[in-house]
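Student: I would like to learn how to read a protein structure. Could we go through one together?

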Amino acid sequence: MQLNNGRSIRQALAVATCTLLGTAPQSGHAADNAENWRVDGSILYYSEQDRVTVIEPVVFARRTFADDSALTLRLVYDSMTGASANGATLTNAPQTFTSPSGTSTYTTPANQTPLHQFSDQRVALAAEWEKPVNRMRRYVYGATISTENDYQSFGLSTTLLQDFNDKLSTFTAGLAGSYDLVQPIGGVPTPMQLLSTVVPSSGGDEGGDGGGKGKASLDGIVGFTQVLTRRLLTQFNYSIGYASGYLTDPYKVLSVVNATGATVDYRYESRPDTRIRQSLYWKTVYHLPHDVVHFSYRHYWDDWGVSADTVDLHYRLELWKGSYLQPHVRYATQNAADFYIHSLLNTNPAPVHASADYRLGDLVTTTVGLKFGLPVGKSSELSLRVESMTQSGNSHPADAIGIQKGFDLFPTIHSSIAQLTYTGRF
Amino acid sequence: MTLLRRSGYWEGSFEAMASPCSLLAEVANAEVARRLLAIARAEALRIEAKYSRYRTDNILYRINTSAGQPLEVDDETAQLLDYAAHCYTLSEGRFDVTSGVLRQVWRFDGSDRVPSAEAVIALLPRIGWEKISWQRPRLMVPPGMEIDFGGIGKEYAVDRSALLLAAETDASLLINYGGDLFATSARADGHSWRIGLDDPAATGERSTGELEIRRGAIATSGDARRYLLKDGIRYSHILDPRTGWPVPDAPHSVTVVADTCLEAGMLATFAMLMGREAEVFLGRQATGHHIIR
């Protein structure tokens, strides 16, 4: 009984009263239309120096309805061209790689990091339906579909959002499932097969292991958001995901070297067929009198031995008439997967699992960025975001052999991102 | 609007929110007193115009005729709705800005016209803040329901006027809107403002006591003239929105001293709603009060 439990009611009332009187009334007329559209259009340009270029237009639309339910649609188109490191190490001789079907090859000149050329288009559509059950509870149902030349993905999700404590606290629980199908161009490689033993098949690029490989994932998340004061909000999330199926990258290989460090052959990589990923996430938003600070920390780990820590800081500096400038810094460190190895020794038997994919290696990623937002008209905004990202790893690992010691086995990757966004409400 | 010279202060008065309103100002000349009075009056009339339930050109009318359609409200209205929501929670549903529809069956005119139980029950589905959808800035009031800031408006007007006047002068002021008061500071001679308390048995003729105030607010809930009397039972005009019936054993009036008029008014109203527990409730709040049974 709040009325009977003494003094707290007076203090709570005093706080509520201060809040009410603390805000000067503003004259103005309320809009009577609760149903409205919000539409965002953006174009993102991502470029990895000498490697990948991605141009990604995104259309986002959100329609809110009279009963507080909302429909969100998101359409993404990616045009990806360029090359990505195929896992083989740089060496002092030209290197030639063969597709699993044996029908196509590509060659990397001496003293260059071997890259696998690609060109792909991706179209992804996501829909979300948010439905309030009552004043304190909402459900969100989502569906996604994404298609590329060699990759299809389908997903379903559901999330419960439960407010309590006068809407100062929100509990979130979500479950998502997805099924992906990969149909590698050039066929599905046999894990750990030596490239020198690939026999050209009559089926052309449809050869190798033939058709596609599937992957199923199930992800769960629980979260808690708390408004601590009028200015301070904090959020905790724990997520766990289980993936099963074909988790190997069909385009990645490992160099096989002899005792002098010279590359003599290559093997297709091999990853475990299950993965359990977990993460803890903490985010805090603090409203200064004008500006807003966002800080987040994420700790990630999985049963492949990968663990990562990420800190992220945004500062939104309010400028004039609704415009703002938002500097951003992000720093992430990652420990390599247990089976990550830069190359294999030809005298050793092939391991069950091995990958030289730099994304599974020891990695330090630093991002700095700046966003500028400008209001356009009464309820629209134009913003430009530019970011620069550097990924570096162990260029000269202690176990490098012979001539490998003279090469940069983990060249630093520099990439740039530019994104122009228009947000409109109707 | 009238302005009179008293000994040591000016007394200005006007009518707003169906109540006599006054401003006592310890300022030297009439010019300043008139300007302060104009500010106070403008604010009181602004709030009355915006939230009066007798008008058809304001936000409250739009809310109450929205017939279940959601609408977006301005910041000030949003703040008041947030406040009403807080008061609803703090009072565990006893204070409810949707309870005004009970006026359709309860008319406290001193008669014996107590409504039938059926008539009261029929109204209950149209009462209850929890049935309102309020997600700032969007409000949706189900058809048949109404919102009424009557229990907050006058106190809010006093506090708002005090804020505006404090920005204009350091002089000691006493704002009094229909018995809800706020004093900005001790008087120039260091004395308090002295407030006579109306005797509910002889309204306007006799006082039952006196409160002194230097800085702060006093608000009173209860009106001895508004009741029903049937079969020897006196029905107070304080209705419990959870039952639709008058709160049993409610005091005749409750007066509370607090930092702001809103707090004083809410505590006084909460105490009335507590019925026979009013004394215990206010005793725990550790704030000055006066209860008349």
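Student: Among contacts in chain A between residues at least 6 apart in sequence, what share joins residues at least 24 apart?
Tutor: Happy to start there! This is a predicted model, in which local features need pLDDT of at least 70 and side-chain atom pairs count only at pLDDT 80 or more, while totals for chains, interfaces and linings use all residues. Residues are numbered from 1 along each chain as written, chains are lettered from A and ligands numbered from 1 in the order written, and side-chain values use heavy atoms, with hydrogens and water left out. A contact means heavy atoms within 4.5 Å, and for chain A the share asked for is 60%.

Student: And what is that share in chain B?
Tutor: Here again the contacts considered have a separation of 6 or more. Those between residues 24 or more positions apart account for 62%.

Student: How many strands does chain A have?
Tutor: Helices (H or I, at least four residues) and strands (E, at least two) are DSSP runs, numbered from the N terminus. Chain A has one helix, and its strands come to 21.

Student: Which strand of chain A pairs with β3(A) over 16 bridges?
Tutor: Two strands pair if DSSP finds at least two bridges between them. Strand β3 (residues 70-85) runs antiparallel to its partner, and A:Ala85 has A:Leu115 as its bridge partner there. That partner, residues 115-134 of chain A, is β6(A).

Student: How many residues are in the hairpin link from β6(A) to β7(A)?
Tutor: β6(A) and β7 (residues 137-147) pair in the antiparallel sense over 11 bridges. One of the pairs is A:Ala126 with A:Thr144. The hairpin joins these strands through two residues.

Student: Which strands stand at the edges of the open sheet in chain B?
Tutor: Three strands form this antiparallel sheet, in the order β4-β6-β5. Two bridges join β4(B) to β6(B) (residues 138-140), where B:Glu72 stands opposite B:Arg138. Each edge strand has a single partner, so one side of each is left without a neighbour in the sheet; these are β4 (71-72) and β5 (133-135).

Student: What percentage of the residues in chain B is buried?
Tutor: Buried means under 20% relative accessible area, exposed over 50%, and partly exposed in between (1.4 Å probe, protein chains only). In chain A, 42% of the 426 residues count as buried. For the 293 residues of chain B, the value is 53%.

Student: Why does the largest nonpolar core lie between two domains of chain B, and which are they?
Tutor: A nonpolar core is a set of buried Ala, Val, Leu, Ile, Met, Phe, Trp, Tyr and Cys residues joined through side-chain atoms within 4.5 Å. The largest has 77 residues, and helix α6 (residues 261-273) of chain B gives the most, with 10 residues. Domain bounds come from an automatic or database domain assignment. Both domains give residues to this core, so it lies between them: domain 1 (1-53 + 150-191) and domain 2 (56-149 + 216-293).

Student: Which residues of chain A does B:Tyr83 touch?
Tutor: B:Tyr83 is among the residues with the most contacts inside the largest core. Leaving out residues up to four places away in sequence, B:Tyr83 touches B:Ile152, B:Leu262, B:Glu263 and B:Met266. In chain A, B:Tyr83 touches A:Leu13, A:Ala16, A:Thr17 and A:Leu20.

Student: How many disulfides are there over all chains?
Tutor: A disulfide is a pair of cysteine sulfur atoms within 2.5 Å. B:Cys87 is buried, with a relative accessible area of 0%, and B:Cys261 is buried with a value of 0%. By the distance rule, the count of disulfides comes to zero.
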